[in-house]
Amino acid sequence: MTTSSKVAVIGLGNIGQAVAGNLSKSNTSFIAADRNLEKAKELSEKWNAEPSDIPGAVKNADILVLAIPFGTISGFMKDYSADLEGKIIVDPSNPIAPAESGGFKKVIGENESAGEINASYLPHGAKLVKALGTLGAETLSNAAYQSPEKAVLFYATDDTSIDPQVEKLIHDTGYDALRVGGIDQSIRIEVFGDLHEFGALGKLVTLSEAKQKI
(Lines give C-alpha, C1' and ligand atoms only; values in the text may rest on other atoms or scores of the structure.)
Protein backbone atom coordinates (compact mmCIF):
# COMPACT_ATOMS: atom_id res chain seq x y z
CA MET A 1 0.00 0.00 0.00
CA THR A 2 1.60 3.28 -1.00
CA THR A 3 1.49 6.29 1.28
CA SER A 4 -1.26 7.73 -0.93
CA SER A 5 -3.47 4.62 -0.79
CA LYS A 6 -6.76 5.05 1.04
CA VAL A 7 -8.69 2.24 2.69
CA ALA A 8 -12.47 2.21 3.03
CA VAL A 9 -14.45 -0.19 5.18
CA ILE A 10 -17.84 -0.45 3.46
CA GLY A 11 -20.64 -1.86 5.60
CA LEU A 12 -20.48 -1.42 9.35
CA GLY A 13 -22.05 -4.63 10.60
CA ASN A 14 -20.19 -7.06 12.84
CA ILE A 15 -17.27 -7.79 10.50
CA GLY A 16 -16.98 -4.21 9.29
CA GLN A 17 -16.87 -2.88 12.84
CA ALA A 18 -14.27 -5.47 13.83
CA VAL A 19 -12.02 -4.53 10.90
CA ALA A 20 -12.48 -0.80 11.47
CA GLY A 21 -11.83 -1.09 15.19
CA ASN A 22 -8.61 -3.00 14.52
CA LEU A 23 -7.45 -0.45 11.94
CA SER A 24 -8.05 2.35 14.41
CA LYS A 25 -5.67 0.72 16.89
CA SER A 26 -2.82 1.05 14.39
CA ASN A 27 -3.69 4.71 13.70
CA THR A 28 -4.37 3.82 10.06
CA SER A 29 -6.23 6.52 8.17
CA PHE A 30 -9.41 5.06 6.67
CA ILE A 31 -12.95 5.79 5.53
CA ALA A 32 -15.88 4.22 7.39
CA ALA A 33 -18.89 3.93 5.09
CA ASP A 34 -22.40 2.61 5.52
CA ARG A 35 -25.73 3.03 3.78
CA ASN A 36 -26.78 4.66 7.08
CA LEU A 37 -24.61 7.77 7.06
CA GLU A 38 -25.54 8.72 10.62
CA LYS A 39 -24.27 5.35 11.82
CA ALA A 40 -21.02 5.92 9.91
CA LYS A 41 -20.61 9.36 11.48
CA GLU A 42 -21.27 8.09 15.00
CA LEU A 43 -18.84 5.17 14.75
CA SER A 44 -16.19 7.24 12.97
CA GLU A 45 -15.87 9.50 15.99
CA LYS A 46 -14.84 6.48 18.07
CA TRP A 47 -12.34 5.30 15.46
CA ASN A 48 -11.04 8.72 14.37
CA ALA A 49 -12.05 7.71 10.85
CA GLU A 50 -13.52 9.65 7.93
CA PRO A 51 -17.28 8.97 7.65
CA SER A 52 -18.83 8.59 4.22
CA ASP A 53 -21.78 7.31 2.29
CA ILE A 54 -21.02 4.30 0.08
CA PRO A 55 -20.77 6.13 -3.28
CA GLY A 56 -18.26 8.57 -1.80
CA ALA A 57 -16.17 5.80 -0.28
CA VAL A 58 -16.04 3.87 -3.56
CA LYS A 59 -14.91 6.97 -5.42
CA ASN A 60 -12.32 8.17 -2.90
CA ALA A 61 -10.66 4.95 -1.68
CA ASP A 62 -8.12 2.71 -3.38
CA ILE A 63 -8.76 -0.38 -1.27
CA LEU A 64 -12.37 -1.32 -0.48
CA VAL A 65 -13.08 -3.76 2.35
CA LEU A 66 -16.49 -4.97 1.22
CA ALA A 67 -18.02 -5.97 4.55
CA ILE A 68 -21.52 -6.50 3.17
CA PRO A 69 -23.59 -9.70 2.91
CA PHE A 70 -22.57 -12.22 0.26
CA GLY A 71 -25.92 -11.94 -1.50
CA THR A 72 -25.54 -8.19 -2.09
CA ILE A 73 -22.05 -8.23 -3.64
CA SER A 74 -23.13 -8.93 -7.24
CA GLY A 75 -25.45 -5.91 -7.09
CA PHE A 76 -22.67 -3.76 -5.62
CA MET A 77 -20.29 -4.75 -8.42
CA LYS A 78 -22.92 -3.88 -11.02
CA ASP A 79 -24.00 -0.60 -9.43
CA TYR A 80 -20.46 0.73 -9.01
CA SER A 81 -18.74 -0.94 -11.98
CA ALA A 82 -17.70 2.37 -13.54
CA ASP A 83 -15.96 3.48 -10.33
CA LEU A 84 -14.23 0.20 -9.45
CA GLU A 85 -11.57 0.19 -12.17
CA GLY A 86 -8.13 0.16 -10.58
CA LYS A 87 -9.50 -0.60 -7.11
CA ILE A 88 -8.53 -3.49 -4.84
CA ILE A 89 -11.69 -5.13 -3.50
CA VAL A 90 -11.26 -7.08 -0.28
CA ASP A 91 -13.98 -9.73 0.09
CA PRO A 92 -14.50 -11.17 3.61
CA SER A 93 -17.94 -12.62 2.78
CA ASN A 94 -19.09 -16.09 3.76
CA PRO A 95 -21.97 -17.73 1.82
CA ILE A 96 -23.98 -18.90 4.83
CA ALA A 97 -27.41 -18.53 6.41
CA PRO A 98 -29.01 -19.83 9.61
CA ALA A 99 -29.89 -23.53 9.36
CA GLU A 100 -33.33 -24.78 10.37
CA SER A 101 -31.73 -27.22 12.81
CA GLY A 102 -29.48 -24.57 14.33
CA GLY A 103 -26.06 -23.32 13.38
CA PHE A 104 -25.36 -22.33 9.79
CA LYS A 105 -25.59 -23.80 6.30
CA LYS A 106 -23.99 -22.90 2.97
CA VAL A 107 -26.27 -21.12 0.53
CA ILE A 108 -24.22 -22.18 -2.50
CA GLY A 109 -23.02 -25.58 -3.69
CA GLU A 110 -20.86 -27.65 -1.38
CA ASN A 111 -17.86 -27.29 -3.71
CA GLU A 112 -18.50 -23.64 -4.62
CA SER A 113 -16.84 -20.63 -3.00
CA ALA A 114 -17.98 -17.05 -2.49
CA GLY A 115 -14.60 -15.87 -3.71
CA GLU A 116 -14.89 -17.54 -7.12
CA ILE A 117 -18.52 -16.48 -7.53
CA ASN A 118 -17.74 -12.86 -6.64
CA ALA A 119 -14.71 -12.89 -8.96
CA SER A 120 -17.11 -13.65 -11.83
CA TYR A 121 -18.86 -10.32 -11.15
CA LEU A 122 -15.64 -8.31 -11.01
CA PRO A 123 -15.70 -5.24 -13.27
CA HIS A 124 -12.88 -4.75 -15.78
CA GLY A 125 -9.74 -3.37 -14.17
CA ALA A 126 -10.68 -4.18 -10.57
CA LYS A 127 -8.74 -6.68 -8.46
CA LEU A 128 -10.24 -9.06 -5.92
CA VAL A 129 -8.73 -10.59 -2.81
CA LYS A 130 -10.46 -12.98 -0.43
CA ALA A 131 -9.37 -11.82 3.02
CA LEU A 132 -10.43 -10.75 6.53
CA GLY A 133 -13.14 -13.41 6.69
CA THR A 134 -11.27 -16.40 8.13
CA LEU A 135 -12.34 -15.62 11.71
CA GLY A 136 -15.69 -14.82 13.26
CA ALA A 137 -16.28 -11.14 14.09
CA GLU A 138 -15.77 -11.61 17.83
CA THR A 139 -12.47 -13.43 17.41
CA LEU A 140 -11.35 -11.01 14.69
CA SER A 141 -11.76 -8.17 17.15
CA ASN A 142 -10.47 -9.85 20.31
CA ALA A 143 -7.40 -11.62 18.89
CA ALA A 144 -5.89 -8.64 17.07
CA TYR A 145 -2.37 -7.67 18.12
CA GLN A 146 -1.92 -10.76 20.27
CA SER A 147 1.60 -11.33 21.59
CA PRO A 148 4.25 -12.60 21.65
CA GLU A 149 3.24 -13.94 18.20
CA LYS A 150 0.40 -12.48 16.18
CA ALA A 151 -2.37 -14.72 14.90
CA VAL A 152 -2.68 -15.30 11.16
CA LEU A 153 -5.28 -14.18 8.66
CA PHE A 154 -5.17 -16.13 5.40
CA TYR A 155 -5.86 -14.56 2.02
CA ALA A 156 -6.28 -15.65 -1.61
CA THR A 157 -5.92 -13.68 -4.82
CA ASP A 158 -5.11 -14.34 -8.45
CA ASP A 159 -3.12 -11.12 -8.73
CA THR A 160 0.18 -11.45 -6.85
CA SER A 161 1.03 -7.83 -7.68
CA ILE A 162 -1.33 -6.73 -4.89
CA ASP A 163 0.19 -9.01 -2.24
CA PRO A 164 2.15 -6.14 -0.60
CA GLN A 165 -0.97 -3.96 -0.27
CA VAL A 166 -3.06 -6.84 1.05
CA GLU A 167 -0.43 -7.91 3.56
CA LYS A 168 0.03 -4.35 4.83
CA LEU A 169 -3.73 -4.04 5.30
CA ILE A 170 -3.81 -7.30 7.26
CA HIS A 171 -0.82 -6.23 9.36
CA ASP A 172 -2.57 -2.92 10.07
CA THR A 173 -5.50 -4.87 11.51
CA GLY A 174 -3.19 -6.62 13.97
CA TYR A 175 -2.49 -9.94 12.23
CA ASP A 176 0.20 -11.73 10.27
CA ALA A 177 -0.77 -12.46 6.66
CA LEU A 178 -0.37 -15.69 4.71
CA ARG A 179 -1.36 -16.21 1.07
CA VAL A 180 -2.90 -19.63 0.34
CA GLY A 181 -3.01 -19.26 -3.44
CA GLY A 182 -5.37 -17.93 -6.06
CA ILE A 183 -9.09 -17.25 -5.81
CA ASP A 184 -9.69 -20.94 -6.54
CA GLN A 185 -8.43 -21.57 -2.99
CA SER A 186 -11.11 -19.33 -1.43
CA ILE A 187 -13.18 -22.29 -0.29
CA ARG A 188 -10.38 -23.21 2.13
CA ILE A 189 -10.65 -19.89 4.00
CA GLU A 190 -14.44 -19.58 4.03
CA VAL A 191 -16.77 -21.02 6.68
CA PHE A 192 -16.47 -24.84 6.80
CA GLY A 193 -13.13 -24.69 4.95
CA ASP A 194 -10.03 -26.38 6.30
CA LEU A 195 -8.39 -23.03 7.16
CA HIS A 196 -11.38 -21.30 8.75
CA GLU A 197 -12.09 -20.82 12.45
CA PHE A 198 -15.49 -22.45 11.87
CA GLY A 199 -14.09 -25.29 9.81
CA ALA A 200 -11.43 -27.96 10.15
CA LEU A 201 -8.86 -25.52 11.56
CA GLY A 202 -11.15 -24.54 14.40
CA LYS A 203 -8.75 -22.19 16.16
CA LEU A 204 -6.31 -19.31 15.91
CA VAL A 205 -2.86 -20.15 14.59
CA THR A 206 0.44 -18.29 14.45
CA LEU A 207 2.45 -17.88 11.24
CA SER A 208 4.74 -20.82 11.99
CA GLU A 209 1.72 -23.04 12.76
CA ALA A 210 -0.16 -21.82 9.70
CA LYS A 211 2.66 -22.61 7.28
CA GLN A 212 2.39 -26.27 8.32
CA LYS A 213 -1.29 -26.25 7.30
CA ILE A 214 -0.92 -24.85 3.78
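The exercises below work through a predicted model of a protein, each with a solution in steps.

**Exercise 1. Overall dimensions**

Task: Establish whether the radius of gyration of the protein agrees or disagrees with that of a compact globule of 214 residues, and describe its burial and contacts.

Solution: Begin with the expectation, which for a compact globule of 214 residues is a radius of gyration near 17 Å; the protein has 16 Å, so the two agree. Next take the outline: along the principal axes, the C-alpha atoms fill a box of roughly 40 × 40 × 40 Å. Within that box the protein has 8 helices and 10 strands, and buried residues make up 52% of the 214 residues. Turning to the surface, about 9900 Å² is exposed, of which carbon and sulfur atoms supply 47%. Finally, consider the contacts between residues at least 6 apart in sequence: 66% of these join residues at least 24 apart.

**Exercise 2. Helix H1 and its surroundings**

Task: Check the span of helix H1 (residues 14–25) against its number of residues, and then determine which elements its buried residues pack against.

Solution: The first step is the length. At 1.5 Å a residue, the 12 residues of H1 should span 16 Å, and because its end C-alpha atoms lie 17 Å apart, the expectation and the model agree. The second step is to find the buried positions, which in H1 are Gly16, Ala18, Val19, Ala20, Gly21, Asn22, Leu23 and Ser24. The third step is to ask what covers them: the buried residues of H1 pack against strands S1 (7–10), S2 (30–33) and S4 (63–66), and also against helices H2 (37–47), H6 (137–142) and H7 (163–172). Following the chain beyond the helix, one meets asparagine 27, whose phi is positive, near 60°.

**Exercise 3. Strand S2 and its two partners**

Task: Describe how S2 is covered, how S2 pairs with S1 and with S3, and which hand the connections have.

Solution: Start with the faces of S2, both of which are covered, since Phe30 and Ala32 on one side are buried, as are Ile31 and Ala33 on the other. Then examine the pairing with S1, which runs parallel to S2 and is joined to S2 by 4 bridges; here valine 7 stands opposite phenylalanine 30. The chain reaches S2 from S1 by way of H1, and this β-α-β crossover is right-handed. Next examine strand S3 (residues 50–52), which pairs with S2 in the parallel sense over 3 bridges, with alanine 32 of S2 opposite proline 51 of S3. The β-α-β unit made by S2, H2 and S3 is right-handed.

**Exercise 4. Strand S8 between S5 and S9**

Task: Decide in which sense, parallel or antiparallel, S8 pairs with S5 and with S9.

Solution: Strand S8 (residues 127–131) is mostly covered, with 4 of its 5 residues buried. Strand S5 (residues 88–91) pairs with S8 in the parallel sense over 4 bridges, and in this pairing isoleucine 88 stands opposite lysine 127. Strand S9 (residues 152–157), by contrast, pairs with S8 in the antiparallel sense over 3 bridges, where lysine 130 faces alanine 156.

**Exercise 5. Three acidic residues**

Task: Classify aspartate 172, aspartate 163 and glutamate 116 by relative accessibility, and list their contacts beyond four places in sequence.

Solution: The cut-off needed is that a residue under 20% relative accessible area is buried, one over 50% is exposed, and one in between is partly exposed. Aspartate 172, found in helix H7, has 13% relative accessibility and therefore counts as buried; leaving aside neighbours within four places in sequence, aspartate 172 is in contact with Asn22, Leu23, Ser26, Thr28 and Tyr145. Aspartate 163 is likewise found in H7, and at 15% relative accessibility it counts as buried; with the same sequence neighbours set aside, aspartate 163 is in contact with Tyr155, Thr157 and Arg179. Glutamate 116 lies in helix H5 (residues 114–119) and, at 37% relative accessibility, counts as partly exposed. Again leaving out neighbours within four places, glutamate 116 is in contact with Ile183, Asp184 and Ser186. As a last step, compare sequence with space: glutamate 116 and glutamate 42 are 74 residues apart in sequence, and their C-alpha atoms are 34 Å apart.

Note on methods: Residues numbered from 1 in each chain as written. Predicted model: local features only at pLDDT ≥ 70, side-chain atom pairs only at ≥ 80, totals over all residues. Heavy atoms only, no water. Helix = DSSP H or I, 4+ residues; strand = E, 2+ residues; numbered from the N terminus. Expected span 1.5 Å × (residues − 1). Buried < 20%, exposed > 50% of the residue type's maximum accessible area, 1.4 Å probe, protein only. Contact = heavy atoms within 4.5 Å. Pairing = 2+ DSSP bridges. Right-handed = clockwise from strand over helix to strand, strands pointing away. Rg over C-alpha atoms; globule rule 2.2 N^0.38 Å. Areas by Shrake-Rupley, 256 points an atom, 1.4 Å probe, with all protein chains shown as cover.
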